[in-house]
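User: Please take a close look at one helix of this structure and explain how its residues are placed. I am new to this structure, so kindly define each term as it arises.

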Amino acid sequence: MSHARPDPSATSVGSVPMAPRPEPLLERPRVRPAGPRSILRDLGLPYVSNGAIGLIFAASGPIAVTLAVGTAGGLTQEQLSSWVFGILFSGGAATILMSLIYRQPLGFAWSIPGTVLLGPSLQHLSFPEVVGAFFTSGVLILALGATGLVRRAMAMVPMPVIMAMVAAVFLKFGTDIVASTQDNPTVAAPMVAAFLLLAAVPALGRFLPPVLGTLVAGCVAMAASGQFHLPHGGPLLATPVFTPPQFTWAAQLELVVPLALTVLFVQNGQGVAVLRAAGHKPPINVFAIVSGAFSVLNAAFGAVSACVTGPTNALLTSSGSRQRHYTAAVAYGLLALAFAALAPTLTRLMLATPTEFVLVLGGIAMLRALQQAFVTAFATHFTLGSLVTFVVTISGLHLFNIHAAFWGLVIGYGVSRLLERDDHARHRTPNAPALPRL
């Protein structure tokens with residue numbers, strides 16, 4: 001008499017099988033948190049390099065966007081300094097906390113699309129009204145994360161469609177390498193040449209990681225060509241200030257929902273997709289909850305929402321062993337905390353470099369992530385939905401103050417559900433041919 005093997009994913013009472021246990025709301029770490037000994041053992045030059053480049057990237061172009069938006073909106077020097085302090089401090093603290101607990105490179109930063117959409121709002125809303133919207137959107141993000149809705153919503157969208165959105169967002173980083181090399185060959189060309197040399201000759205690459213070599217070549221080229229101009233004067237340390245919020249219907253209706261959707265599905269969605277492609281298993285609900293909590297903290301400094309971002313995590317996972325990637329996030333977080341206190345000085349330092357230096361460095365560091373995004377999006381299934389997602393995202397479509405990447409996901413998923421039914425049936429069926437593992 002033969003006996004069937006019990007289903008390991010389900011329990012039974014008598015002969016009646018029971019449903020598998022639901023996944024807990026808060027995703028639990030699969031390994032023990034990392035301690036000082038683990039960090040010292042796993043830390044290495046490539047990971048310190050990735051963390052440093054992640055911070056350089058975050059503290060240059062994105063901070064320039066923040067300063068441009070804030071200055072155009074009439075913010076004072078103290079308010080701008082407090083904003084920069086808040087986003088660097090919360091990004092560093094959240095990254096260190098999460099990366100050590102989960103032993104994964106869980107990099108946090110701040111919402112650049114959210115910052116951009118504030119530009120028009122600051123022309124007719126007061127800054128206290130905008131800060132009131134920051135507080136409310138943080139609470140909304142936290143509440144949606146606590147319901148588990150975010151993980152369920154993201155589970156509905158196939159990974160190729162999500163990665164098509166990531167590919168569209170990351171594409172500009174790749175094309176910026178070409179444009180920057182044409183616009184400023186004195187700085188950009190040596191950086192590209194250094195990367196190609198170090199990547200093509202493994203012996204040299206082991207001595208000096210290619211992306212770090214790109215950074216060094218760029219610094220030498222800037223110094224030799226006289227293109228680094230550091231202005232004198234200005235405060236050394238940040239002095240955070242609290243802006244009392246004003247809660248008005250005009251600001252709440254205009255900003256709260258776009259900010260929340262941008263964080264949860266555009267920014268965090270990119271971060272989750274990049275981390276999965278690198279072989280990690282990010283905690284989606286915990287991401288949302290932590291993003292909401294640190295967004296409230298940011299609001300206290302007059303700063304835009306915190307989030308998990310694709311570019312930051314692409315840089316942190318750009319090289320090295322997957323099990324040691326978390327040390328790059330720790331390095332990034334520690335540097336972010338250090339430079340948060342030096343926010344005015346860091347801002348002047350980053351703005352003193354040529355734009356092309358930052359664009360080439362960030363673009364080269366993200367080439368592998370861009371390659372992986374295209375491969376995952378268009379290699380096998382859901383290719384039409386992925387294509388629609390890519391096209392809509394890259395088109396720059398903006399509706400209701402919400403970023404094009406969100407509409408790319410919505411429209412691409414809708415088209416895929418309508419026209420790629422076999423792929424969705426295969427996606428839902430356990431015995432169907434498996435999708436490529438990420």
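Analyst: This is a predicted model, in which local features need pLDDT of at least 70 and side-chain atom pairs count only at pLDDT 80 or more, while totals for chains, interfaces and linings use all residues. Residues are numbered from 1 along each chain as its sequence is written, and side-chain values use heavy atoms, with hydrogens and water left out.

The structure holds zero disulfides, a disulfide being a pair of cysteine sulfur atoms within 2.5 Å.

The helix chosen here is α7, which spans residues 149–156. Helices (H or I, at least four residues) and strands (E, at least two) are DSSP runs, numbered from the N terminus. The buried residues of α7 are Val150, Arg151 and Met154. Buried means under 20% relative accessible area, exposed over 50%, and partly exposed in between, with a 1.4 Å probe and protein chains only. Because these buried residues cover an arc of only 95° around the axis, they lie on the same side of α7; the arc is that of the directions from the helix axis to the C-beta atoms. Arg152 and Ala155, on the other side of α7, are exposed.

What do the buried residues of α7 pack against? Their partners are α6 (127–147), α8 (159–183), α12 (249–277) and α13 (284–300), where contact means heavy atoms within 4.5 Å.

One residue of α6 deserves mention. Leu144 is found in that helix and touches Leu149, Val150 and Leu264, not counting residues up to four places away in sequence. Leu144 counts as partly exposed because its relative accessible area is 24%.

Helix α8 leads on to the interior. In soluble globular proteins, nonpolar side chains tend to be buried together. A nonpolar core is a set of buried Ala, Val, Leu, Ile, Met, Phe, Trp, Tyr and Cys residues joined through side-chain atoms within 4.5 Å. The largest such core has 75 residues, and Met98, Met163, Val166, Phe170, Phe287, Phe357 and Leu361 touch the most other members. To this core α8 gives the most, with twelve residues. Val166 touches Gln270, Ala273, Val274 and Ala373, not counting residues up to four places away in sequence. Apart from this core lies another, of 43 residues, among them Leu80, Val130, Val131 and Leu346.
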